[in-house]
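Below is a set of questions and answers on one structure. Each answer works through a few details before it ends on what was asked.

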There are 2 protein chains.
Amino acid sequence: MTATPFPVSEIVATRRPHRKDAARNYDALLGAAREAFAEHGADASLEDIARRAGVGIGTLYRNFPTRRDLFETVYADEVNALCRAAVELADREPWEALTAWLDRFAGYMVTKRAVREALDDESGIFQACRESMYAAGGPLLQRAQRAGVARADMDFGDLLRMVAGITATAFEDAAQRDRVLAIALDGVRAGR
Amino acid sequence: MTATPFPVSEIVATRRPHRKDAARNYDALLGAAREAFAEHGADASLEDIARRAGVGIGTLYRNFPTRRDLFETVYADEVNALCRAAVELADREPWEALTAWLDRFAGYMVTKRAVREALDDESGIFQACRESMYAAGGPLLQRAQRAGVARADMDFGDLLRMVAGITATAFEDAAQRDRVLAIALDGVRAGR
DNA sequence: ACTGTAGCGGAGGCACCCCTCCGGTTCAAT
DNA sequence: ATTGAACCGGAGGGGTGCCTCCGCTACAGT
């Protein structure tokens, strides 16, 4: 659990271009990439992403020289949104704040299939993202633990992996997913 | 939760050949496939599997005409082992029997990355495997529920998906995995 | 030992993906 | 309106995977 949260996007190298058409393409690519990564995981086809964005493959490579650059940018956007959400939840009750954030984590992570792998990636931006996320969400767990509503014998990493694993699974419907998630979170709750 | 458990392997179309060399190749292919699926998921390269088995690609296709045939056979083997395990656990305490089986489920699922996708596949063999597995493992949950040690507001499908999701995730080490799994199972426990 | 046949391996055609490169296009600053 | 720099698309070469096909091999039954 490190220092303070910080905007991950500023660490990512790629920048949104200034020219109007270029900026439009950049945005289209990010949107298409978000979709494709959510659908096929981190190794979705780059040519397919360019097609979805209605853009030539060359344009994709100019904006994001490597697949990693593209994935990192999408991923960093998600993490930033999560960090902002954590701040907004600061005034709720400890347990409610924690579960609300985890819900957001589960729903917001469009890249969730890939996130499972990213959670263990030691290098570069992923480490920074993880620190950012831990800095933002970790206090929510600590607060719940100090308030005695969350068990003390687990850390934030345990919790994130649990939720990430469950939400990355295919369920019959959203209701089943929520049911299972609630049951697992019952195990996190303190006082038996 | 249907009728009685039945050996899934008998449903799978492919059969082990009679000739000595052919049988050896068949086994080598299954072993290599188990490895490759565990490592790269359900879309591992078939040519790589043939290479690992020290066998020509033609031999692979003769034994398993489609990728699906191969995957189904590997998967059915795993399911059969799980079914056998369930029978052997019949004389333990309800809760212990259930968690012991789930442990086996988690550890045995060498094909775990692929199973996640397979678990909601409606077609043919997967349905049969699911029924087999539900018939074998379902009673363990029911017994625990009747004994009042497992919560009644969930079914076996919920439980399997929860465990499958968590075990498909990458953890720092086995200890963390067990810790998280135990926490989630605490949520399954009744009488909190 | 002989021999018919089940089984073998891998070359090759097709499809898809990665990434580079460059002639043509479009923006925005003057 | 002009213009040049930034940006665009996609052809194309290299790589890999899928699957078929067929000449060769080695087993098993006599």
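Q: Which elements of chain A and chain B each supply at least two residues of the surface near DNA strand D, and which gives the most?
A: The model is predicted, and in it the surface near DNA strand D draws at least two residues from each of helix H1 (20–40) and helix H3 (57–63) of chain A, and likewise from helix H1 (20–40), helix H2 (46–52) and helix H3 (57–63) of chain B. With 4 residues, the element that gives the most to this surface is H3(A).

Q: Which of the residues around DNA strand D come nearest, and how does this surface divide by class?
A: There are 23 residues around DNA strand D, of which Asn25(A), Gly56(A), Gly58(A), Thr59(A) and Leu46(B) come nearest. By class, the surface near DNA strand D divides into 7 nonpolar, 7 polar and 9 charged residues.

Q: Which element gives the most to the surface near DNA strand C?
A: Around DNA strand C there are 23 residues, and those that come nearest are Gly58(A), Asn25(B), Gly56(B), Gly58(B) and Thr59(B). Two or more residues of this surface come from each of H1, helix H2 (46–53) and H3 of chain A, and from each of H1 and H3 of chain B. The surface near DNA strand C divides into 7 nonpolar, 7 polar and 9 charged residues. The element that gives the most to it, with 4 residues, is H3(B).

Q: How are the two copies, chain A and chain B, related?
A: A turn of 180 degrees, with a shift of 0.1 Å along the axis, lays chain A on chain B with an RMSD of 0.2 Å. The two copies are therefore related as by a two-fold rotation axis.

Q: In chain A, which residue has the C-alpha nearest the axis?
A: Chain A is laid on chain B by a turn of 180 degrees, and the C-alpha of chain A nearest the axis of that turn lies 1.8 Å from it and belongs to Gly187(A).

Q: Which helix gives the most to the side of chain A that touches chain B?
A: The contact takes 26 residues from chain A and 25 residues from chain B. On the side of chain A, two or more residues come from each of helix H6 (112–118), helix H8 (156–167) and helix H9 (174–188), and by class this side has 13 nonpolar, 4 polar and 9 charged residues. The helix that gives the most, with 9 residues, is H9(A).

Q: Is Arg52(A) buried or exposed, or does it fall in between?
A: Arg52(A) is found in helix H2 of chain A, and, not counting residues up to four places away in sequence, it touches Ala32(A), Glu35(A) and Ala36(A). Its C-alpha atom is separated by 8.0 Å from that of Leu29(A), which is 23 residues apart from it along the chain. A residue counts as buried only if 20 or more other C-beta atoms lie within 10 Å of its own; because Arg52(A) has 17 within that distance, it is partly exposed.

Q: What does UniProt list for residues 45–64 of chain A?
A: The span of residues 45–64 of chain A is 75% helix and 0% strand, and its end C-alpha atoms lie 14 Å apart. A second feature in the record, "domain: HTH tetR-type" (unreviewed entry), is placed at residues 23–82 of chain A, a span that is 82% helix and 0% strand. For residues 45–64, UniProt lists, in an unreviewed entry, "DNA-binding region".

Q: How many residues does helix H4 of chain A have, and how far does it reach?
A: Chain A has 9 helices and 0 strands, and 40% of its 192 residues count as buried. The buried residues of H4(A) include Leu70(A), Phe71(A), Val74(A), Tyr75(A) and Leu82(A). Helix H4 (residues 67–88) of chain A reaches close to the 32 Å expected at 1.5 Å a residue, having 22 residues and a reach, from first C-alpha to last, of 32 Å.

Q: Which residue follows H1(B), and what is its phi?
A: H1(B) has 21 residues and reaches 30 Å from its first C-alpha to its last, and among its buried residues are Tyr26(B), Leu29(B), Leu30(B) and Phe37(B). The residue that follows H1(B) has a positive phi, near 80 degrees, and is Gly41(B).

Notes. Residues numbered from 1 in each chain as written. Chains lettered and ligands numbered in written order. Predicted model: local features only at pLDDT ≥ 70, side-chain atom pairs only at ≥ 80, totals over all residues. Near = placed C-beta within 6 Å. Nonpolar A, V, L, I, M, F, W, Y, C, P; charged D, E, K, R; others polar. Expected span 1.5 Å × (residues − 1). Buried ≥ 20, exposed ≤ 12 C-beta atoms within 10 Å, placed from the backbone. Least-squares fit on C-alpha atoms with pLDDT ≥ 70 in both. Contact = placed C-beta atoms within 7 Å. UniProt positions renumbered as here; feature names shortened; annotations may be inferred.
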